[in-house]
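Here is a short briefing on how some strands pair up and where the nonpolar side chains gather. Take a look at the fold, then read on.

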Amino acid sequence: DYGSSAFALHPDGVFKVTDGNKVVLENFQQQVISSLGFTDSEGSPNQISVSGDFVVCITTRNIMKVARIGTRDLRQLGPARPLFADITGDVAVRSSTVNIKGKLVAFIL
């Protein structure tokens, strides 16, 4: 199934969006290793970026989730975070990336 809105590669497999509200990590035989879910209020994931063993996902409602990639699971680091709480109007993240330690995320608006 290649109908995903976003993809990212990791040595263990492929990240992709499924069912509109879930990011899954599949191995290269297309077996699901783990997933990261999003609620309707958080929006649908539209960006995935991987660096080392960390992944950042940004949604259509500018919510960010960062997770650590384990051998058998994804461990979300902290709560989902809104990116622009004090900005009014339409602001969209065009690109994002997480650093290799999972501590910093950079954005292009």
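Strand β1 (residues 7–10) runs antiparallel to β2, and 4 bridges join the two. Strands here are DSSP runs of E with at least two residues, numbered from the N terminus, and two strands pair if DSSP finds at least two bridges between them. This is a predicted model, where local features need pLDDT of at least 70 and side-chain atom pairs count only at pLDDT 80 or more, while totals for chains, interfaces and linings use all residues. Residues are numbered from 1 along each chain as its sequence is written, and side-chain values use heavy atoms, leaving out hydrogens and water.

**Strand pairing**
- β1 and β2 make a hairpin with 2 residues between them, and L9 has V14 of β2 as its bridge partner.
- β2 also pairs with strand β3 (residues 22–26), antiparallel over 5 bridges; here V17 is partnered with V23.
- The hairpin of β2 and β3 has 3 residues between the strands, and D19 takes a positive phi near 55° there.

**Burial and cores**
- In β2 (residues 13–18), 6 of 6 residues are buried, meaning under 20% relative accessible area with a 1.4 Å probe, protein chains only.
- The largest nonpolar core (buried Ala, Val, Leu, Ile, Met, Phe, Trp, Tyr and Cys residues joined through side-chain atoms within 4.5 Å) has 14 residues, and F15, V23 and C57 are among those with the most contacts inside it.
- β2, β3, β6 (54–59) and β7 (63–69) each supply at least two residues of this core.
- A second, separate core of 8 residues includes F54, V56, I58 and V98.

Key:
Buried < 20%, exposed > 50% of the residue type's maximum accessible area, 1.4 Å probe, protein only.
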